[in-house]
Amino acid sequence: MSEATREIEELTEASYEFGFSTDLDTDVAPPGLDEEIVRLISAKKDEPEWLLEWRLKAFEAWQAMEEPDWAKLDIMPIDYQAISYWAAPKQKPVLDSMDDVDPEIRDMFDKLGIPLHEQKMLSNVAVDAIVDSVSVTTTFKATLAEAGVIFCSFSEAVQDYPELVREHLGSVVPVRDNYFAALNSAVFSDGSFCYIPKGVRCPMELSTYFRINSQNTGQFERTLIVAEDDSHVSYLEGCTAPQRDENQLHAAVVELVAKDRAEIKYSTVQNWYPGDENGVGGIYNFVTKRGRAHADAKISWTQVETGSAITWKYPSVILQGDRAVGEFYSVALSSKRQQADTGTKMIHIGKDTTSSIISKGISAGNGQNTYRGLVKVMRSAENARNYTQCDSLLLGKDCGAHTIPYIEVKNPGAQIEHEASTSTVGEDQLYYCRQRGMTEEDAMSMIVNGFCREVFNELPMEFAVEAQRLLSVSLEGSVG
Amino acid sequence: MLHVENLTAAIGDKPILKGVDLDIGEGEVHAIMGPNGSGKSTFAHALAGRDGYEIGGVATLDGSDLLEMTPEQRAAAGVFMGFQYPVEIPGVNNMYFLRTALNSVRKARGETEVGARDFLAVAKQAMELVEMKQDFLDRAVNAGFSGGEKKRNEILQMAVMEPRLAVLDETDSGLDIDALRIIASGVNALRGPDRSMIVITHYQRLLDYIKPDFVHVLVNGKIVQSGDHTLALHLEDHGYADFVNHDLDDAPEKPLTGAPS
Ligand SMILES: Nc1ncnc2c1ncn2[C@@H]1O[C@H](COP(=O)(O)OP(=O)(O)O)[C@@H](O)[C@H]1O
Ligand SMILES: [Mg+2]
């Protein structure tokens, strides 16, 4: 066992030891999914009747749906009845201070550059920490409240702001949207809720940190961000999971609502456990992320996807209002036996709407990386513009890169530009760096990070540093 | 400080260097001239450690066997190569690249790394040498640089790395006269008792600015003539015809009219 592996395992052990000791015993539902389980989840969370109805409707829809098979993914069949749909600390830990947070979670935060320790907390980032789909703590609540910003766990929002949740839940991603969204709608456990009132510029970055911990459980988070007219928010999401030999299903839904002239910037650094060289273990990550941008609003997705055995993810923007702007910046890395099928959908409905897509796919080892994107210009979208750039970088001979851009234009005035490139890290680039004293691995990581520069530039500082580090770590052993 | 003996290099079955002998003393500047395709760049790469050659013979720097070392180990030992075709690295900040390079060799030598602020001072000084502006450091390594800028960047890197042995491969090619002057004065400023240089060039023009202590003529993988800088002047007048028109194995024996012996 390698040092790193041991470290990860030790950390994992530690979390069970200290994080969820006897009286915080993990409460796990028996494997399997039926209406009873949906009712159980809703009851456990003490949800209002309307939400139970909503879940049941989603469950019914899901049962009638088929798993999508159009993605370029080679997946072991998922046995939905073998998964447990509810895992949570039996009692929510009561935290007097941030320093009571599980040391392992804190360590993980430290590594993400987002310390949870009270003295070390980043002055400008509020964090919602979610372990096994249950929110364990949210920092800076009071500061945010002063500005009128609501930032809390989804469960709390259901209790404290039911009207807001009810109005927006499912408004961007309807329950029947797709197989995994329907599943999530039926069984979601927790997630984050943000509400930025009219005209408010959120005084700090909001961040949710997801950590999968339990074994044999599915993870289904729900995130909802509502930015009222003329408001502004930057939101960060980080994800990690311990090493496990079996695959774990993660099916999240994120909905963003940007009202007139509002701006939402959503950044993700996803580092779920990717499985090993032989494809054993790793997270199956099926995520539906979508935002609706009203007039003059802007929604910007930035993602750095280095983890997961399978990534199936298309953060999208519905450019509903006139002059709305949608952006998608993505770095997706597939090494070992990882497979990523990821991209975006930009749906132009309003006039003078603009979207831009910058996708950087990196394939190493036996990894397979597919960019799949849709740019759709509706008849109503006069003078819509899109710019798409898809660059693929291949490291080695056994990996693959694929670019599948769909363009559907119903308005002849649309201006669509698409550029694509595929390159390899040149021997001459590596040699040049080595002649300047760098090791081959350092050189490789520098060159790959350079390839991703345009995307990293979109990330908030702390995340950009973390993303670079992650990329380097993920590429270790890919050289030569 | 550099000792090269019967150095051979082949790609596949194709011999390119056919036994090069060269000794360079402390602080000396040697020019290597020769027609296109004679093996000048191959010689530089053989010293710098590029993959892909079958190498034979001996090359030692300060007594250490260069041929045993990886490219990065040679860099740490003090070998710097100015590339004939500097490589573009999109998205990598030039300043960051330079600092990483310097700190990589420092680390390999067990020296402390240079922090961002101290490095800025080092870089500024180096930039004055090649008359570059600050924004140069903010651009990506060689990406979109003009030919002249690329070459200046090589000299900038040399100034920062402070090598024991600099091998400059056609640093003059593709430069207008002003750029040539800037580069030459940069190189001259970097000459010193602890730094030796091999200046590879196709034209004698550069040697008007950088006066070499010795000139060697490399033809078809062998040094066929050595002399002082007047040899370069002879080549200017006569070209390489004296060498390439003869059976090359005989060339060194033939007396050269007008050339120093
Ligand atoms: N990668 C290669 N494969 C085959 N032949 C090569 C390769 N690189 C260089 N050569 C040959 O080696 C010879 C010397 O090349 P080079 O060292 O670049 O010469 P110079 O720098 O003096 O112009 C030339 O004949 C060239 O064609
Ligand atoms: Mg050459």
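## Polar contacts of ligand 1

In this predicted model, an oxygen atom of ligand 1 sits 3.1 Å from a polar backbone atom of Gly39(B). The backbone of Gly37(B) also takes part, with an N or O atom placed 2.8 Å from an oxygen atom of ligand 1, and for Lys40(B) a backbone N or O atom is likewise found 2.8 Å from an oxygen atom of the ligand. Taken on its own, ligand 1 has 560 Å² of accessible area, of which the protein covers 59%.

## The shell around ligand 1

The residues surrounding ligand 1 include the run Pro35(B), Asn36(B), Gly37(B), Ser38(B), Gly39(B), Lys40(B), Ser41(B) and Thr42(B), and they are joined by Ile11(B), Lys14(B) and Ile16(B). By class, this shell holds 3 nonpolar, 6 polar and 2 charged residues.

Two elements of chain B, strand S2 (14–24) and helix H1 (40–48), each contribute at least two residues to the shell. Of the contributors, H1(B) gives the most, supplying 3 residues.

## Helices H3 and H4 of chain B

Further along chain B, the axes of helix H3 (residues 94–108) and helix H4 (residues 116–129) come within 11 Å of each other and cross at roughly 100°. Because angles of 65 to 115 degrees count as roughly perpendicular, H3(B) is described as roughly perpendicular to H4(B).

On the H3(B) side the contact is made by Met95(B), Leu98(B), Arg99(B) and Leu102(B), which meet Ala116(B), Phe119(B), Leu120(B) and Ala123(B) of H4(B). Sorted by class, the residues of this contact are 7 nonpolar and 1 charged, with no polar residues.

## Helices H6 and H7 of chain B

A second helix pair in chain B is formed by H6 (residues 147–161) and H7 (residues 177–189), whose axes come within 10 Å and cross at roughly 10°. Since angles under 35 degrees count as roughly parallel, H6(B) is roughly parallel to H7(B).

In this pair, Lys151(B), Arg152(B), Ile155(B) and Met158(B) of H6(B) meet Ile182(B), Ile183(B), Gly186(B) and Val187(B) of H7(B). The contact of H6(B) with H7(B) divides into 5 nonpolar, 1 polar and 2 charged residues, while the contact of H3(B) with H4(B) has 7 nonpolar, no polar and 1 charged.

Technical notes:
Residues are numbered from 1 along each chain as its sequence is written. Chains are lettered from A and ligands numbered from 1 in the order in which they are written. This is a predicted model: local features need pLDDT of at least 70, side-chain atom pairs count only at pLDDT 80 or more; totals for chains, interfaces and linings use all residues. Side-chain values use heavy atoms; hydrogens and water are left out. A residue is near a molecule or strand if one of its heavy atoms lies within 4 Å of it. A polar contact is a pair of N or O atoms within 3.5 Å; within protein, one must be able to donate a hydrogen and the other to accept it, and residues adjacent in sequence count only if both atoms are side-chain atoms. Accessible areas come from the Shrake-Rupley method with a 1.4 Å probe; for residues, only the protein chains shown count as cover. Helices (H or I, at least four residues) and strands (E, at least two) are DSSP runs, numbered from the N terminus. Ala, Val, Leu, Ile, Met, Phe, Trp, Tyr, Cys and Pro count as nonpolar, Asp, Glu, Lys and Arg as charged, and the others, Gly among them, as polar. Axes are lines fitted to C-alpha atoms, for helices over the stretch in contact, and angles run from 0 to 180 degrees between N-to-C directions. Angles under 35 degrees count as roughly parallel, over 145 as roughly antiparallel, 65 to 115 as roughly perpendicular and the rest as oblique. Contact means heavy atoms within 4.5 Å.
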